[in-house]
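Please find below a short note on the model under review. The points concern the ligand site and the overall fold.

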Amino acid sequence: DTQKTLEGKTVLITAGPTYEAIDPVRFIGNHSSGKMGFSLAEEASKRGAKVILISGPSAEKAIHKNIELHRVISAKEMLAKVFEFYDSADIGIASAAVADYAPKEVAEEKIKKNDENLTIELVKNPDILKTMGEKKTHQFLVGFALETQNEEENAKGKLEKKNLDMIVLNSLRDEGAGFKNDTNKIKIFTKTEKKEFNLKSKEEVAKDILDCIEGQLLK
Ligand code: PMT
């Protein structure tokens with residue numbers, strides 16, 4: 001049986017991709033399945049936490065009764081939902097792969113094909129985690145970094161810029177890491193420490209991440 005090490009804590013988790021509509025049938029999205037975030041939600045709830053899970057479009061299901069699942073589509077919706085619950089959270093974990101840009105205008109009707117090329121203007125989406133960092137009062141804030149190059153440098157940069165307490169790096173250069181797979185390979189950074197882990201199932205990775213968070217909270 002899992003020890004109730006997070007009893008009394010509320011954990012807010014973002015998961016999955018966001019979809020940014022182009023027209024009624026098309027969107028800009030990414031390959032996130034939501035598995036990493038849902039695994040974190042299951043493990044945190046097994047440890048006794050109340051979990052608020054805010055997920056973009058994902059086929060994953062929340063099983064544990066302590067998980068309150070809110071499904072959203074776009075980054076703007078995810079931002080709004082996060083800030084409905086942010087004040088009540090003790091720990092925030094941003095595992096969602098949020099689209100950084102969205103179409104400036106959403107066409108009301110399906111865009112018709114013609115002989116010309118099509119240009120879609122994109123505007124910047126809000127950075128949900130950065131906003132969480134700016135509004136941080138008592139929360140322990142954990143971000144992810146999904147990188148393809150200069151991984152450690154970029155991850156540490158995000159730890160600093162987004163005012164985080166911890167960042168979990170996964171690199172698409174590592175086989176079996178990142179999107180869609182049932183496995184992940186991570187490194188965890190705090191301002192002073194670095195830990196490296198082997199390739200594991202996302203369930204096991206979630207345990208490692210929560211162990212690290214608990215270790216920091218006890219300090
Ligand atoms: O869902 P899976 O298929 O299981 O895959 C898991 C995962 C690869 C999506 C996950 O492990 C992961 O790395 N999530 C973060 C992906 C990402 O968008 O990383 P980033 O380096 O672009 O963003 C840095 C951090 O800022 C992330 O915590 C992200 O949630 C957050 N962010 C980014 C942009 C934005 N507009 N808002 C945000 O909150």
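In which pocket does the ligand sit?

1. The ligand occupies the largest pocket. The model is a predicted one, and the remarks that follow should be read accordingly.

2. Around the ligand there are 27 residues, of which Ser32, Ser33, Ala96, Lys158 and Asn170 come nearest. Sorted by class, this shell comprises twelve nonpolar, eight polar and seven charged residues.

3. Three polar contacts may be described individually. Serine 33 places a polar side-chain atom 2.7 Å from an oxygen atom of the ligand. For asparagine 170, a polar side-chain atom lies 2.6 Å from a ligand oxygen atom. Alanine 96 takes part through its backbone: a polar backbone atom of this residue is 2.6 Å from an oxygen atom of the ligand. As to burial, the ligand taken alone exposes 770 Å², and the protein buries 95% of that.

4. Regarding secondary structure, at least two residues of the shell come from each of α1 (35-46), α3 (128-134) and β9 (140-147). The largest share belongs to β9, with four residues.

5. The chain as a whole contains five helices and 14 strands. Its radius of gyration is 18 Å, close to the 17 Å that the globule rule gives for 219 residues, so the chain is as compact as a globular protein of that length. Taken along the principal axes, the C-alpha atoms fill a box of roughly 60 × 35 × 30 Å.

6. In summary, the site to examine is the largest pocket, where the ligand sits, with 95% of the area that the ligand exposes alone buried by the protein.

Methods
Residues are numbered from 1 along each chain as its sequence is written. This is a predicted model: local features need pLDDT of at least 70, side-chain atom pairs count only at pLDDT 80 or more; totals for chains, interfaces and linings use all residues. Side-chain values use heavy atoms; hydrogens and water are left out. A residue is near a molecule or strand if one of its heavy atoms lies within 4 Å of it. A polar contact is a pair of N or O atoms within 3.5 Å; within protein, one must be able to donate a hydrogen and the other to accept it, and residues adjacent in sequence count only if both atoms are side-chain atoms. Accessible areas come from the Shrake-Rupley method with a 1.4 Å probe; for residues, only the protein chains shown count as cover. On a 1 Å grid over the protein atoms alone, a cavity is a set of points where a 1.4 Å probe fits but cannot get out, and a pocket is an open set with protein on both sides within 12 Å along at least five of seven lines; lining residues have an atom within 4 Å of a point. A molecule sits in a cavity or pocket if more than half of its atoms lie within 2 Å of its grid points. Ala, Val, Leu, Ile, Met, Phe, Trp, Tyr, Cys and Pro count as nonpolar, Asp, Glu, Lys and Arg as charged, and the others, Gly among them, as polar. The radius of gyration is taken over C-alpha atoms; the globule rule is 2.2 Å times the number of residues to the power 0.38.
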